[in-house]
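Here are some friendly notes to read alongside the model. They are set out as numbered points, so feel free to take them one at a time.

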Amino acid sequence: MRMAGIRTYLAALGVLISIPASSAMAQQKPQAVGFPDAPGKETLLGKCFQCHGPGMWMDHRQDRRGWEGVLYRMVGRGALWSEDEIKAMADYLAAAYGRKPQ
């Protein structure tokens, strides 16, 4: 009987400990690893992550004009973005994932 009481106590304690952690985690926004904070980041994450994963930009380097071209191709494929959103994303991508000097 005593062992059952200990098990019940430990199970209840485990539930109490996990409640704050899980509710705090549910309130946190997922982190986009490798994306530096800068103007345009939230627009990019909100628009592009609907179809693409985060690895899309890591190896694909463009200057600003190149990124803008990529974004307009996405508009041609059905992306519904405003001119301001395209500008913000192109600026961000050029700064964060611009072509590296050789």
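**Notes on the predicted model**

1. Let me start with Lys87, which counts as partly exposed because its relative accessibility is 46%. Please keep in mind that everything here comes from a predicted model. Lys87 has its place in helix H4, and its side chain makes a polar contact with the side chain of Asp91, at 2.9 Å. Along the chain, Lys87 is 47 residues from Gly40, yet the two C-alpha atoms are 8.5 Å apart in space.

2. A second lysine deserves a look beside that one. Lys41 belongs to helix H2, which covers residues 41-48. Is Lys41 buried or exposed? With a relative accessibility of 7%, Lys41 falls under the 20% limit and therefore counts as buried. Its side chain reaches the backbone oxygen of Phe35 at 3.1 Å. Beyond residues up to four places away in sequence, Lys41 touches Phe35, Pro36 and Tyr92. The C-alpha atoms of Lys41 and Ala88 are separated by 8.2 Å, with their positions 47 residues apart along the chain.

3. Now for the overall layout. The protein has 4 helices and 0 strands, so from the N terminus on the order of elements reads α-α-α-α. Of the 102 residues in the protein, 24% are buried. Among contacts with a separation of 6 or more, 59% join residues 24 or more positions apart.

4. Next, the nonpolar core. The largest one has 18 residues, and those with the most contacts inside it are Leu44, Trp57, Trp81, Leu93 and Tyr97. At least two residues of this core come from each of H2, helix H3 (64-76) and helix H4 (83-97). Which helix gives the largest share of this core? That is H4, with 7 residues.

5. Tyr97, one of the core residues with the most contacts, has a long list of partners to check on screen. Leaving out residues up to four places away in sequence, Tyr97 touches Gly34, Phe35, Pro36, Trp57, Met58, His60, Arg61, Gln62, Trp67 and Tyr92. Phe35 and Pro36 are also among the residues that Lys41 touches, and so is Tyr92.

6. Gln62 is a partner of Tyr97 worth following up. Gln62 sits in the loop between H2 and H3. Although it is in a loop, Gln62 counts as buried because its relative accessibility is 16%, which is under the 20% limit. Apart from neighbours within four places in sequence, Gln62 is in contact with Trp67, Ala94, Tyr97, Gly98 and Arg99.

7. If you work with cysteines, you may wonder about disulfides. How many does a search of the whole structure find? The search finds 0. A disulfide is a covalent bond between the sulfur atoms of two cysteines. The sulfur of Cys48 has its closest cysteine sulfur in Cys51, at 8.6 Å, which is too far for a bond. Seen from the other side, the sulfur of Cys51 has its closest cysteine sulfur in Cys48, again at 8.6 Å and too far for a bond. The limit for a pair to count here is 2.5 Å.

8. What about the surroundings of these two cysteines? Cys48 has a relative accessible area of 5% and is therefore buried. Cys51, by contrast, counts as exposed because its relative accessibility is 70%, which is over the 50% limit.

9. Last, the space inside the protein. The count comes to 1 cavity of 30 Å³ or more, and about 90 Å³ of space lies in the largest cavity. Lining the largest cavity are Cys48, His52, Met56, Trp57, Trp67, Val70, Leu71, Met74, Trp81 and Leu93. Which helix supplies the largest share of that lining? H3 does, with 4 residues. Trp57, Trp81 and Leu93 from this lining are also among the residues with the most contacts inside the largest nonpolar core. Cys48, the buried cysteine of the previous point, belongs to the lining as well.

Terms used. Residues numbered from 1 in each chain as written. Predicted model: local features only at pLDDT ≥ 70, side-chain atom pairs only at ≥ 80, totals over all residues. Heavy atoms only, no water. Buried < 20%, exposed > 50% of the residue type's maximum accessible area, 1.4 Å probe, protein only. Polar contact = N/O pair within 3.5 Å; in protein donor to acceptor, adjacent residues only side chain to side chain. Contact = heavy atoms within 4.5 Å. Core = buried A, V, L, I, M, F, W, Y, C linked by side-chain atoms within 4.5 Å. 1 Å grid on protein atoms, 1.4 Å probe; cavity = no way out; pocket = protein on both sides within 12 Å on 5 of 7 lines; lining within 4 Å. Points joined across faces, edges and corners; volume = space filled by probe spheres on them.
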